[in-house]
Amino acid sequence: MSPFFSGAMVGGLFRGLKAFAAELRKPKSFVQGEAFEDYVREKIFPKTSYCLVNKAHTYLQNSRDYVESSHKPDFEFRCRDTGYVFHVEAKYRRGAWGVDGTIAWCRPDQLQRYRALDRKEPVFLCLGIGRKPTRLKDIYIIPMNKIYTTDFHDSFLEQYAFCPDKAVRSGFLMWLRMRQC
C-alpha cells in the first residue's frame, strides 16, 4: 500500500463512494420529499421558533436498515415560546389531481397510524403543492383530527390554506385543532 493512503482512508473513500452511488439510485419521489421536508423545517417550522425533538430517518438510512420509528410522522417539534409539542407529517405533491377532483396524500395504513398517534399527541399534515418542493403554489396545514380520508377535494383544502414561506405560530396550530369546521 502506498504511504500516502492508510487503510482507514481507503475505507472512508469506499464508504463515501457507496453513499454517493446510493444517492444516485434514490427514487425521484424521495428526493423531492426530502427537499420538501427541508423546506418545512427551514420556512414553516424554523429553528428560531421550534426545537426539533425527533425526525424520521432518511431514505438512505432506511434502505440500509429500516428503522421502525420511521412509521411516525416526519417531525416532532416543541415550540420554544410555549412548550407546545406536536408532530408534523410533510407531504409534497406536484399537483396530480385525480379525475374525480381529489389529490391523494397517503395510504390507508398511514392514515390509521397518524390518527392513532393524534389521539395521544397532536399531529398535523403539512401538504405542499407546486412544480417544485421548494417553490410552492399552495401549502396547507391540517390537523389530523380533521382528516378522515386519504385524499382531499380542493374545497376541503381551502379552509387550511397557509402562506408559503411564512413561519407558523404554535397558537395558530392549537386554534386549528380546536376550531369547528
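**Exercise 1. Aromatic rings**

Find which residues ring pairs link into a cluster with F45 in this predicted model, then classify the pair of F45 and Y50.

*Solution.* Start with the cluster: ring pairs link F45, Y50, F75, F77, Y84, F86 and F124. The protein's count of aromatic pairs comes to 17. For F45 and Y50, the centres are 5.3 Å apart and the planes make 70 degrees. An angle over 60 degrees counts as edge-to-face, and that is the class of this pair. Both of these residues, F45 and Y50, are buried.

Now try a second pair, F152 and F156: here the centre-to-centre value is 5.1 Å, with 10 degrees between the planes. Planes under 30 degrees apart count as stacked, so F152 and F156 form a stacked pair. Is F152 buried or exposed? Its relative accessibility is 2%, so F152 counts as buried.

**Exercise 2. Walking across the sheet**

Work out the strand order of the open sheet, and say which strands stand at its edges.

*Solution.* Six strands make up the sheet, in the order β1-β2-β3-β5-β6-β8, with mixed pairing. At the edges you will find β1 (50-55) and β8 (161-162); each has a single partner strand, so one side of each lacks a neighbour in the sheet.

Next, follow some of the pairings:

- β2 and β3 are antiparallel, with four bridges; E76 has H87 in β3 as its bridge partner.
- β3 and β5 run parallel and are joined by seven bridges; here H87 stands opposite V123 in β5.
- β6 (residues 138-143) pairs with β8 in the antiparallel sense over two bridges, and Y140 lies opposite A161 in β8.

Finally, look at the turn: five residues separate β2 and β3 in their hairpin, and G83 in that turn has a positive phi of about 80 degrees.

**Exercise 3. What covers the sheet**

Determine how many residues of β3 are buried, and which helix lies across this strand.

*Solution.* Of the nine residues in β3, seven are buried, leaving the strand mostly covered. Helix α6 (residues 170-178) lies across β3 (85-93), and also across β1, β2, β5 (123-129), β6 and β8. Relative to β6, helix α6 runs at about 60 degrees.

**Exercise 4. Confidence**

Decide which elements have the lowest and the highest mean pLDDT.

*Solution.* Begin with the whole protein: the average pLDDT is 84, and 74% of the residues score at least 70. By element, helix α1 (residues 7-25) has the lowest mean, 52, while strand β2 (residues 75-79) has the highest, 97. Over residues 19-23 the pLDDT is below 50, and this stretch has three contacts in the model beyond near neighbours in sequence.

Technical notes
Residues are numbered from 1 along each chain as its sequence is written. This is a predicted model: local features need pLDDT of at least 70, side-chain atom pairs count only at pLDDT 80 or more; totals for chains, interfaces and linings use all residues. Side-chain values use heavy atoms; hydrogens and water are left out. pLDDT is the predictor's confidence in each residue, from 0 to 100. Contact means heavy atoms within 4.5 Å. Rings of Phe, Tyr and Trp (its six-membered ring) pair if their centres lie within 6.5 Å; planes under 30 degrees apart count as stacked, over 60 as edge-to-face and the rest as tilted. Buried means under 20% relative accessible area, exposed over 50%, partly exposed in between (1.4 Å probe, protein chains only). Two strands pair if DSSP finds at least two bridges between them. Axes are lines fitted to C-alpha atoms, for helices over the stretch in contact, and angles run from 0 to 180 degrees between N-to-C directions.
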